[in-house]
Amino acid sequence: MKRIWRLVCDFLASLAGRIALLLMLGIASASIASLVVAEHLRILALQHLQLERVVASTADIANRFAHNPEATQSQLDARDLFGVRNAMPDAVLGEADPRLADMLEQNMGVRAGITVQRITSKCFGEAYVNRNSIAGVKGKIDIDCWQVGFTDARGVRRLVTIDLFALEIPHNGSLDPIYLFLIVLASALVSLWAARLTTVPLRRLTGAAQRFSLSIDPEAIPVSGPGEVRVALETFNLMQQRVRDGFRERTHILAAIAHDLQTPITRLRLRLEQVQDATLRERLVGDLAAMQSLVRDGLDLARASENREEWSMVDIDSLVTSLVEDHAEMGAPVTLSSQCGVSAWIKPDALTRCLENLISNGVKYGGEARLTCAIFEGSVEIAVADSGPGIPEERLAEMFEPFVRGEASRSRSTGGTGIGLTIARAQANSFGGVLSLANRPEGGVIARLSFPIQGPDGTA
């Protein structure tokens, strides 16, 4: 239950969740409000229809008085007319009804001097009681009455009671709780679908930004979707291209300097052979070799940072197995204990160079390199473990910095320049890989390289 609640909270905290919630509230509120307004208008229409019948009855009795007042009065006295009677002397009158009065004046004219009041007391007692009614007829019929006064065509003031069957408004089931629940449920489903569809471009942009944070050479985002989205994607691609161009320009400068330094270093190496003192010559040659190694590694780092290799789908097991077999043939203690059985969209040469450096480090500083490959949360994880003394925990992070070396066992006497892990991380970043180091509980260091399993379109 806690997990479900946490998932709901996480979803509501996301942009898609907030959009879905707002849409659901908006759609449900608008739908329910529309139903309430429609119900109100329906009741008003039925009430207006009842008032129109009162107007018709009043106009009819007025017309009867105009043509034959004596006969009409006789019919009223004898209660021969249904729907109209003489005014009830004991009736309790309510307030005047201006709406009905206006309707009567529009029909009979202002000269009729219309007065109309609704009778709030019981009309006609039990006159309409039907004691032997069948199931479809109510035993007691409700009657609505109005006392209407007017001046007939002969100028005689008349006061009558207009009665109609009480207005019974049928039940509207659209406002029942079950239908309101269905409206909210339908609103929620539509809102989730709309929120999901709306945030697709944002998720694409987020994925591209994440890939760009891991690799300086990601592929451009396909530009598609609504106009605003296309503009955002084009702008992001342009920003990505400019950053990439600036990085390449800096790398070209560093590579050119490192390359040009090799020529004077070579000349210096030749001139050192002319030094007569053998001891001094040997020391100078050693220092020059170290300098040349630094220049060569610097050039390698610059080239690694700008990897223009094409992406391709690679069988990871075949690549890793080939590397292990090559080192084993050279007598190096390199083994592979598990395979992952997947193919991934990567830069194969960059992956090979990254693993070569990790294996070389493991053999050189830890005495062996044991490789494993596994699938973990949608990513490939290749681990290279050694059996060396390990690295102090506080120095693990800085091991990826250029020319940073470990203490004691990882001393300069081993021949390294402290740039192998930097190159490995640069190669990993070129195809979206993440490289990390950790000390093993049983001793030694384990380097983990993880990268997503994805196809050319960026999907897993």
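This passage describes the sheets, the nonpolar cores and the aromatic pairs of a predicted protein model.

In the predicted model, the chain of 460 residues has 36% of its residues buried. Its secondary structure comprises 11 helices and 12 strands. Among the contacts with a separation of 6 or more, 66% involve residues that are 24 or more positions apart. The protein exposes about 26,600 Å², and carbon and sulfur atoms supply 59% of that area.

Two open sheets are described here in turn. Strands of a sheet pair through backbone hydrogen bonds, and the pairing may be either parallel or antiparallel. One open sheet contains 5 strands in the order 1-5-4-3-2, and its pairing is antiparallel. Strand 1 and strand 2 form the edges of this sheet, each pairing on one side only. From one strand to the next, the twist averages 30°. Within this sheet, strand 4 (residues 143-151) and strand 5 run antiparallel and are joined by 9 bridges. Across this pairing, Trp-146 stands opposite Ile-162 in strand 5.

Strand 2 (residues 93-96) includes Leu-93. With a relative accessibility of 34%, Leu-93 counts as partly exposed, because partly exposed residues fall between the limits of 20% and 50%. When neighbours within four places in sequence are left aside, Leu-93 is in contact with Gln-117, Arg-118, Ile-119, Thr-120 and Gln-147. Leu-93 and Gln-147 are 54 residues apart in sequence, yet the distance between them is 7.9 Å, C-alpha to C-alpha.

Another open sheet is formed by 5 strands in the order 7-9-10-12-11, with mixed pairing. Strand 7 (334-338) and strand 11 (434-439) stand at its edges; each has a single partner strand, so one side of each is left without a neighbour in the sheet. On average, neighbouring strands of this sheet are turned by 20° against each other, direction ignored. The pairing of strand 11 with strand 12 (residues 445-452) is antiparallel and extends over 6 bridges. Ser-436 stands opposite Arg-448, a residue of strand 12. Helix 10 (residues 348-366) packs on the sheet and touches strand 7, strand 9 (369-376), strand 10 (379-385), strand 11 and strand 12. The direction of helix 10 makes about 170° with that of strand 12.

Strand 12 also contains Val-445. This residue, Val-445, counts as buried at 5% relative accessibility, because buried means under 20% relative accessible area. Val-445 and Ser-387 are 58 residues apart along the chain, and their C-alpha atoms are separated by 7.0 Å.

The largest nonpolar core has 41 residues, of which Ile-316 and Phe-451 touch the most other members. The elements that give two or more residues to this core are helix 9 (316-329), strand 8 (343-346), helix 10, strand 9, strand 10, helix 11, strand 11 and strand 12. Helix 10 supplies the largest share of the core, with 6 residues. Apart from neighbours within four places in sequence, the contacts of Phe-451 include Ile-316, Ala-344, Leu-351, Val-380 and Phe-431. Another core lies apart from the largest one and has 22 residues, among them Val-54, Leu-81, Ala-101 and Leu-164.

The structure holds 3 aromatic pairs, of which two are described below. A pair of aromatic rings is described by the distance of the centres and the angle of the planes. Phe-82 and Phe-165 form a tilted pair, with 6.2 Å centre to centre and 50° between the planes. This pair links distant parts of the chain: Phe-82 lies in the loop between helix 3 (69-77) and strand 1 (84-86), whereas Phe-165 lies in strand 5 (residues 157-165), 83 residues apart. Phe-82 counts as exposed at 64% relative accessibility, while Phe-165 counts as partly exposed at 39%.

Phe-431 and Phe-451 form an edge-to-face pair, with 5.6 Å centre to centre and 85° between the planes. Phe-431 lies in the loop between helix 11 (420-430) and strand 11, and Phe-451 lies in strand 12, so the pair ties together parts that are 20 residues apart in sequence. Both rings belong to buried residues: the relative accessible area of Phe-431 is 2%, and the relative accessibility of Phe-451 is 1%.

Methods
Residues numbered from 1 in each chain as written. Predicted model: local features only at pLDDT ≥ 70, side-chain atom pairs only at ≥ 80, totals over all residues. Heavy atoms only, no water. Pairing = 2+ DSSP bridges. Helix = DSSP H or I, 4+ residues; strand = E, 2+ residues; numbered from the N terminus. Axes fitted to C-alpha atoms, helices over the stretch in contact; angles between N-to-C directions. Contact = heavy atoms within 4.5 Å. Phe/Tyr/Trp six-rings, centres within 6.5 Å; stacked < 30°, edge-to-face > 60°. Buried < 20%, exposed > 50% of the residue type's maximum accessible area, 1.4 Å probe, protein only. Areas by Shrake-Rupley, 256 points an atom, 1.4 Å probe, with all protein chains shown as cover. Core = buried A, V, L, I, M, F, W, Y, C linked by side-chain atoms within 4.5 Å.
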